[in-house]
Each structure stands twice: as structure tokens, then as C-alpha cells.
Amino acid sequence: MANLEKYSYDVVVIGAGGAGLRAAVEARDAGLSVAIVCKSLFGKAHTVMAEGGAAASMGNVNDNDNWMVHFRDTMRGGKFLNHFRMAELHAKEAPDRIWELEMWGALFDRTKEGKISQRNFGGHEYPRLAHVGDRTGLELIRTMQQRIVALQQKDLRETGDAEKNLKVFAEVTITEILKENGKVAGAYGYRRESGEEILFEAPAVVIATGGVGKTFKITSNSWEGTGDGHALALKAGANLVDMEFLQFHPTGMVWPLSVKGILVTESVRGEGGILTNSLGERFMFKYIPDVFKDKYADNEEEADRWYVDQDNNRRPPELLPRDEVARAINSEVKAGRGTEHGGVFLDVSKRLSAEIIKKRLPSMWHQFYELAGVDITKEAMEVGPTCHYVMGGVEVEPDTAAAVGVDGLFAAGEVAGGMHGSNRLGGNSLTDLLVFGRRAGMGAVEYVKSHGANPVSDATISKAAARIEAPFARTGGENAYSLHQELQEITHNLVGIIRTGEELKEAIVKIADIRKRSANISVTGDRKFNPGFHLAFDLDNMLLVAESTAKSALLREESRGGHTRDDFPGMNSTWRQVNHISSFDGEQVSIKAQPLPVLPKELFDLFDIHELEKYMTPAEIAKGGSN
Amino acid sequence: MADFTVPALTRIWRTLDKGSRLLLMATGVFSQGRAKITERTLRTDKWWLQPLITFSVLIAFIFYATLRAFENANYFAEPLISPFYSPCLSDACVPGSSLLGHLFPIFHVWGMTFSPALFILIFPLGFRMTCYYYRKAYYRSFWMSPPACAVAEPHAKYTGETRAPLIMQNMHRYFFYAGLVFNVLLTTDAILAFRNSEKQWGHMSVGTLVLLANATFLWFYSLSCHTCRHTVGGRLRNFSKHPIRYKAWTLVSKLNHYHQNFAWVSLIGVALADVYVREVATHAITNWYFF
Amino acid sequence: MTRTLKLRIWRGDDKTGGLQDVTVEANHGEVVLDIIHRVQATQMGDLAVRWNCKAGKCGSCSMEINGKPRLACMTQVASYPEDEVITITPLRAFPVIKDLVTDVSFNYKKAMEIPTVSMPEGVKPGEPRMQQIDVERSQEFRKCIECFLCQDTCHVIRDHEENKKSFAGPRFFIRIAELDMHPLDTLRNRKKTAQEEHGLGMCNITKCCTEVCPEHIRITDNAIIPMKERVVDEKYDPLRWLGSKIRKREGIL
């Protein structure tokens, strides 16, 4: 291609959310040249949607907190399917990542002593979430964005060119990770504005593309959550791990239709919101699983007391991990005790004054008032589960965030798997972005320093270019919008919050069918900012993700965290020892079982043995961790 | 020879179609590269109503105030003095109306006695002219810069408050200080109105209430002012080190929310207070005493 | 529940374009962005529009609806009378790229011109102590979702293209105010540069930025006017200027 836009960098970061920006900062700080590529404008990444806060055991509010408690909570929340090393690194490094944000200009809410304030959240033993009202994600993305600008200003002072070594390529879609000699050589894509193609040559690529929510019909994710990174990694020869685990956030808006799925932050429950069904019953007391019986109150009096005295009372069951609450709401609605619009009631107006609600939950108040005409200081909200987060993702080396199987490829944030096991705790996502974003940056730096450039060949370029041209060459083919809708119906109905073997098999067949038809998508109009054209590529990614999820889900014959099988309702300790690894051969996704890394002794010993007995087989308990 | 006279250019202009005219005026929303839309605004609401009301009320007030300032009569009826004429500082003041004595001799301009109101009106006028709220009001309604949000303004050039005379807006705080002095004086006038026409204390009339209300509105207007908010605490970086000023700032901030309302109420209040005093002074009505 | 909606959508690019009539169904409770998506999926597959979160949190779907700068995701269809034709155009202060998408790079350039926070030397991560009341003012400005509606509506640049080079716009005045009010920021020339480099004096406080802000940030009252007052302290108030000179001298002695 004569007019192909070409760039050469040390590191290309795909995705400008929290993880991508943190990786870019790390790599640039180490002296490397970095390109940040994102599908939206700079600063619009889905990270802005995170509301509640960022979990880090700083112990500012309760000084009993430390990394070990945080580690235990994370493992518990993930039902011990987490990669222990990731959970360990996360718990240990999270406080430093938060403090660093403050040095870069973040202004968190404060305690009386002037430290960063921390709030309660589901599954966290102590108040642990650093927050700014209910717009913590916005604070994080803006701080990172401004840090990038600070680095560019430094480059401007030193070199006269702000964008010489650190440049943001906004509104660019990457369609392929390029490889030469079996190693990463760059990335190929097109500018969304003009449709013109763009090549990045780089020995290291960090994928930080976030989630897959748009594969589902009801989701809190924006249009960007189309599993791009998952698919790019798969196609580049990397693996995905545990794609059956999807978190359905228990509280999404359910009414009016146009806002269905939009998130209602967990802080509403953290601040004292209670869940009731249409009979007015506070139903969560019925749904406390055995493994959590000693940590959660089984009566209203104790639950209410907890808000004032946390040391001597058990937590209210509204603050159970998200998977438990989502399932409970789902059961209530299925049993006919739901609201008119198929949700349950969430009410914070009875516990807090209007003034405090508006101060602590400003964007929630705003969101309900403007989008649903509901004043949450006076009335209850109607909420129901919404697809929120994918625990599964690219299989990585915990310390370097290097993708297993592909030299030069790194992944961090939601797109990486392992950290959260079968279910993520609220608040762990934002610190995950920062901890592993930084580690991916460090990993890339290390890799580039030891490997050097890996030029892209013309043959590789033409192959990538041909793929982009294809949908324009066809006429009268399939419509990307309708295929996307069909896919969302299938995933919603057959791969949703409650699954069965039969339905999953049906889903796999149907997804394969759509995939076949999608090869025949045609696009109207030209290349210039053409959403139909953009969707054609996003859809391809979503189909791979859906296939991987359905197939992994079919194999896992148990219910755990974000994976619930109606035909296998219980948790099974044998299944805990298994990770599902997805790989792609160019035709279809195949899944293999892989043993989960064994908890080392020093981490094993952090737990009460009776707690571990609920999750592990007697043989594992007898062994007492690895040495 | 090309004809560059105004009529000639106007004739040429009239022959052009809308598109060509836009191209020639290519600035603002009609600039090169922006979406080609021929309307100055696509607003469908009555965006012109607000500036029209503001314009009318302000014009009415200016008209009345000018008449009264030059009238040089009917501003004092023991114990009531019109806010337009207080403090009355010239030898021309009617007996009993001068609280602070006479600073200025009588002089004449074009055969007319220079009204005592004119010595002092500059201060309240300046305070209101440089007020952050009134600036918005008259920039929008008089200067149409802009007439309403997202409605293209009719000016080719715009420099804002960066050069003379508008750079003088930065003197707002001095007018604010002067305004405080006036508030004290007008409050004194209201207190003096607790007397009867024989200067005996312990009486109260409708006029007392009128002057009291006027002074109160003026206090609210001054204390809710942006400069006041800045002075009491807004300029501080760390509130926590100045708890009392923080309290004051919080209070003024609350008032500041209603600065616009106080601006109008106090403006109309001044005019009505003056009307009342004039009516009493001309014996059109009697100042009714409660006791 | 459904109603038939008449729209006029601006379509075109930087060279040509115009309003096109569209008729489309709307459901109860839908916002303008839903309608645009329906038009996209059923009638105009290549209609260009920016959007992300569809919850008023990311500030992507900025456009002008019936002439008013708004977020399409926060504009209820029901807020328009049954018989009203809804006119949708791109932002009119910025160059258009295609249809409802404009080139907002102006804003990113301005962001680059404002020095970021400068923390005191010697303060280590985890050490800063700030009181809630001291961070609250800046926190209000950090609510900004960068939808750039304030920039779009500001007549200083909307109506005067030539001012773009010398005027940062409301979004960046709140950024400067945020930093000037930051309890720990050490950069002391922000007031001076606000006036001399970023065009604070161009603002005539006509408050359109505040009117359009979807986050309800009180841009004019809480950021621009306080900054103007701070500029007066430093540049136009002879008494304060004198005071600062004397105090400085005391500092040296």
C-alpha cells in the first residue's frame, strides 16, 4: 500500500483505559518510545464507568487491614480459582499504586486525619476502597490521562516535540497483531475517522482492551467492550483462561428499556441500601451460602447494627460477593417475586438522608433522576443483574504480564485472566488495572531491552490489509447489526447467568452458524467513519469470545462464581483444580483442561484450615500447599 | 474603477444568494470546516425572551433613575430620604437631608443646579455595572454577546474584558467596598426613620419598613457578591487552616447562589423606596405611622 | 407506548452537507441516542456518531439537539412535544468530520498547554495529608467528563474562530482553577498565565458553559469568577500588589 501510515515504536499499547495508560507510563518512564492506540477519544475508556472505588489495604480507616487480609478476601471471592501469584501481587502492590495516583494529581475523598478515605464493599473484610464519591473510575482515568500529558510536556521541554516518544492514536481499531519469526512484530489496523490503514512496528505489544460485555444483550459495558484483545490474542496464538466466568453485576437498571443494564454502583449497598422483593421481604437472608455463614448476619437487627459497629456484628447479606447477590435476585424474579419490570427493589432512602445520598452517591442520584425519573432519596430503585465483567482472559505470567505462548505479547487489566478466579470482588478491578498495567509495562521494557526490533515483512502487511478491504468487496451480504443482535440473543438466552448443558450445546452450534454467515458481511457507504464497517470487525471478535465462553462453560460441570449450571448446582473441589484454556487454530476455538497452580505453603498458611476444607479436596489439604 | 462606496457595496451584497453571503462572512459558526448550516441558531425555544425582559427592565430602571437623579427635588420628607440622594453631600441639599454635612458647594451646569444625587450615584452604579451578574445580564441583552447560548452573536470581533474600557471590570472590588459604605449609610437612614417628623424616637411608619427593606436587600446583594465570596475566604488555598473564614465563605457561598435574585430584588427595591419617598415628599400620600 | 418521531439529522462532511428528514419509531423512555442507533441500524448504516457509555459518564455523544449543545444519551425523547421535529446537528464550534462527528482535537491541544500538578519536593507517595474541605473545590472540577459542550457553546470561540489560538475555554479554566485550588500544588504562576496565556480575560461570564454542563459543575461561579478575582489580586489590585511586595521584602529580611 503506497499511502499506508507507518510508525515504529518500542512498545504499542492497545487500549487507553487504566491498564493501558499505566503500562504506557511505565514503559515511557523507562525511556522507551510508546504508542497508545484506542478505539475512542482519549479519556473515554470504559474505566470511567467504575464507580465504587479502588481496593487497596492501606488501612486508613481500619488499621487491622493489610495485604494478607486483602489476599484472603480476593481468593475467597474468586472461590480459590484465582492464580495465587496474581492475587498476591495485587494485594501487596495495590496501596503503592493508589498513593502514586495521588502524587499525579488524583484527589480522593479524605478521612478526618487527612488520609485517603476508604469505604466498605462486598466481600472486603474492612473498609478498603479508596474513592471519590461514586466516580472513582473517572478520577483514575483522568489522573492517568493527565500523567500521560505530564510526560509529553516533559518530552516537549526536552526534545521540542511532545509526541516524539509518547503518542496517543485515538479512534484507531487494531485488527491484527503482526508476527514475524514467531514473535510479535507490531500491530495493524485502521483509523476510524478516515478508514485509512495504519501500521505500527513494535517488538512488544501490550493488550489492555478491557472486556466483552457487548457480546451480551444486557450489559453495563459500552460499545467498546467487544472482546477485541481476547480475540487478537487468540488469533496471535495466545491462550485464554477460564472464559466461562462472567460476572453479572447484581444491580443494573432495568427500566426504562433504553437504560437496561446501566450499572447501579455497589456503593449503594455499601452505604446501606437494602434489597427487597415485591412482597417487601428483605430476601438476601435466605441466600447466604454455607461458606459465608460465619461472616454475614442472618437477621435484620444484626445487619443494621453492622453499619454502626462493624467489629461486633456480622455484615449484612446485601454485601455478599456479586455472584451470590446476582443469583439471589435472579431466583427471586424467577419465583415470581420480582417487580413489574423484572427486577427487585434497592432502597437507600430509608437509611440515609437526602443530603447524604446526594453527597455520597451523586452520580447515582443524577442517573436515576435524569434517565428514569426516579428520585432515589425518596423512592426505591428497580434493579436486576447485568453483564459486567469477564474474569477469564489472556493467560499471562503473573510477574511480567507476558502472554503465555507468544513472545512480545503482554496483557493487563480486564483482558487478562487469572487474577480474579471465578468471581471478582468489587473494587479489585481498578487496582488490578494499575498493578498489572505497571507490570505489563515493566515486562515489555524488559523484553524490548533483551530482544530489539523485529521488522514487519510486506507479505504480512498485505495479508492484514486484505482482511480490512474484504467487507467492502462484497455486496448484498449479511448486515452486521442484525448478526450482532442475533448473537446477543443467543448469549443472553443460552450462555447467560444460569446455564445448562443442553442450552450450551445449542449455543455452540448457533454461534458457529453466525460465524459462518459473518464471513459474508457487506458494508454500505465508504470507509469514512462508518459504524457498519467498524461493527463488522468488532463482531468477529465477539464471536470468538462467545465461542470460547460457551465451550468452556459446557466443560465445567459445577457451579462456581460467575458460572452457574442448573444441571450441576454445587461447587466441586475437584473442578477447583482445573483451568480451562482456550486456543484458536484459525478455524475454531478448542478448550483443554490445565491444572491450576498449587498454592504455596506460605500463602496456604494464611488461611484457616477449616475454611480451605470448604474449597479443597482432602488430598490438597493433607499436602498443605506446595513447597 | 471599482466603486467602493457603501451604497455600491450594499447593492452588490443584495445580489448575492445566502450561500455566498455566508462565505463572505465566514467566521464563527460559518467558518470553513464547520458543518454547513445556514441558520444562526437552530434553537426552537423562545431564547430571545429572557434577554428582552432583562433589556426592558434595565432600560425602565435607567430611564426612571435618570429622571429622578436630575429632578433634584422631592427626595426628602422628614425622616425619610430617598436612597438615590443619600448621603446628600452638597450645599444644594434640602435642610435636614444631609447626614454627613456638605462636602460640595452648589454649582450650576448649563444653568441647572447640579443635583446632589449625581455626586454619589457613580458608586452604586459602578458596583452594579461591574457586578459579575449584571455583566452577564447586559452583555447578553444589550450587547448581544451572545444574545443567548448557542445563538450566534452579531459581532465580527471580540476581545472580551482584556482591554479598555472593559478591563475596568476588574475594579469591581473597589465598588464593592464603596457599596458597603453605602449600605451602612442607608441602614443608618432606615434607623433614623424610627423617628417621627419632629425627630422624636420610638416611632415606626410604613416608610421605616420601606427603608429597612431596601437596606436589607442591599446587604443581601452585597454579601452575596462574588468579590465578597473571594474576600472572605475564596482566595485561601487551605480552608482547614482558617476555620472561621471557611465558615464565612460557606455562608457567603450559599448566598452567592442567589446573587442574581438579590440583584433584581435590590434594584427594584431601591426604585420602589425612591418612589415611596417621592410620593410622601410630594404629599401624594401620607406616610402612615404604626406608632 | 411507541410514537413516530420526525427528525432532521445533519449529514455531510467538511465540504458539503445538510439536514435530512428521517421518520423513525420511538419507545417509551428512550433517549435521542437510542433513536440515532435505530436510524443507524435500520436506515443509515453509515451514519457517523460518537458514543460510549450511554449513561452520561464518558462525554462522547455531544451534539446539538434543536440547537442546544447536549449529550444525546441524556436527552429524553419525551422532553419534546409530540408534534415537534427534532433537529440533530454536530457541534458547531468545531470542524466537522462526518455527520455528527466533529474534530475536537482543539481541546487536547489546550490540555497540553496547561502544566499538570506539581507536588512539593520531598513529599513521598502515601505521605500527603489533605482535609476534605480543602479538596472539595477541586473535586467539583474533576467531575468534568470532557464532553466539551462548554467549549462548544462558548461564544468566544464558537463565534470567533480566530480566538481559538489565545483562548483555552471553560473546560480548561476549571482545570486551572482545580490546580490553583489544589492544597499541595506548588506552581505559583497559574493565575498570571491564566490571564496572559490562556485568555481568562476574554471570558465575559455570560454563563452558557454552566448552562450546558451535564455534570452541573458551576463553571462560572466556582471556577472562572474565583480565578478572575485571583487574577485581580495579582495583577489589578494596587493595594494587594503593594501588600505582596512588602510581605515579600519581609520574607527576604
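This text walks through a predicted model with chains A, B and C, starting from how the chains meet and ending with single charged residues.

Two pairs of chains touch, and the pair with the most contacts is B and C. Chains A and B do not touch, and their nearest C-alpha atoms lie 10 Å apart. Chain C can be described a little further. Its secondary structure consists of ten helices and seven strands. Along the principal axes, its C-alpha atoms fill a box of roughly 75 × 40 × 30 Å. Chain C has 253 residues, and 67% of them count as buried. Among its contacts with a separation of 6 or more, 63% are between residues 24 or more positions apart.

Next comes the nonpolar interior. The largest nonpolar core has 233 residues, and the members that touch the most others are A:Val11, A:Leu409 and C:Leu7. The element that gives the most to this core is helix α11 of chain A, residues 428–451, with ten residues. Another core, of 33 residues, lies apart from it and includes B:Ala69, B:Tyr134, B:Ala263 and B:Leu267. What surrounds A:Leu409 in the largest core? Beyond its neighbours within four places in sequence, A:Leu409 is in contact with ten listed residues, among them A:Ile177, A:Val184, A:Val205 and A:Ile207. Alanines are also on that list, including A:Ala233, A:Ala236 and A:Ala401.Two helices show how buried residues are covered. Helix α10 of chain B covers residues 243–256. Its 14 residues should span 20 Å at 1.5 Å a residue, and its end C-alpha atoms are 19 Å apart, so the two values agree. The buried residues of α10(B) are B:Tyr246, B:Trp249, B:Val252, B:Ser253, B:Leu255 and B:Asn256. An α-helix has 3.6 residues a turn, so residues three or four places apart point the same way. The cover over the buried residues of α10(B) includes α8, α9 and α11 of chain B, and also α3 and α9 of chain C. In chain C, helix α2 (residues 105–112) has C:Phe106, C:Asn107, C:Tyr108, C:Lys110 and C:Met112 as its buried residues. These residues pack against α4 of chain A and against α4, α5 and α6 of chain C.

Helix α3 of chain C, residues 132–142, contains C:Asp134. Which side chain of opposite charge is nearest to the buried C:Asp134? It is that of C:Arg137, 6.1 Å away, and C:Asp134 has no salt bridge. C:Asp134 does have polar partners in chain B. Its side chain reaches the backbone nitrogen of B:Phe239 at 2.6 Å, and a polar contact of 2.5 Å joins it to the side chain of B:Ser240. Leaving out residues up to four places away in sequence, C:Asp134 touches B:Arg237, B:Asn238, B:Phe239, B:Ser240, C:Met181 and C:Pro183.

Other charged residues do pair up. Over all chains, the structure has 98 salt bridges. One of them joins A:Lys92 and A:Glu88, with the closest N and O atoms 2.7 Å apart. The two residues are four apart in helix α3 of chain A (residues 84–103), which means that about one helical turn separates them. A:Lys92 has 38% relative accessibility and so counts as partly exposed, whereas A:Glu88 is buried, with a relative accessible area of 7%. Both residues belong to a network of salt bridges that also links A:Arg85, A:Glu93, A:Asp399, A:Arg438 and A:Arg439.

A second salt bridge, between C:Arg50 and A:Glu171, has an N to O distance of 2.6 Å. C:Arg50 lies in the loop between α1 and β3 of chain C, and A:Glu171 lies in the loop between β7 and β8 of chain A, so this pair joins two chains. C:Arg50 counts as buried because its relative accessibility is 10%. A:Glu171 counts as buried at 5%.

A further salt bridge stays within chain A: A:Glu244 pairs with A:Arg556, and their closest N and O atoms are 2.6 Å apart. A:Glu244 is in the loop between β12 and β13, while A:Arg556 is in the loop between α15 and β19, so the pair ties together parts that are 312 residues apart in sequence. Are these two residues buried or exposed? Both A:Glu244 and A:Arg556 are buried.

Notes:
Residues numbered from 1 in each chain as written. Chains lettered and ligands numbered in written order. Predicted model: local features only at pLDDT ≥ 70, side-chain atom pairs only at ≥ 80, totals over all residues. Heavy atoms only, no water. Core = buried A, V, L, I, M, F, W, Y, C linked by side-chain atoms within 4.5 Å. Buried < 20%, exposed > 50% of the residue type's maximum accessible area, 1.4 Å probe, protein only. Contact = heavy atoms within 4.5 Å. Lys, Arg positive; Asp, Glu negative; His and termini not counted. Salt bridge = Lys/Arg side-chain N within 4 Å of Asp/Glu carboxyl O. Polar contact = N/O pair within 3.5 Å; in protein donor to acceptor, adjacent residues only side chain to side chain. Expected span 1.5 Å × (residues − 1).
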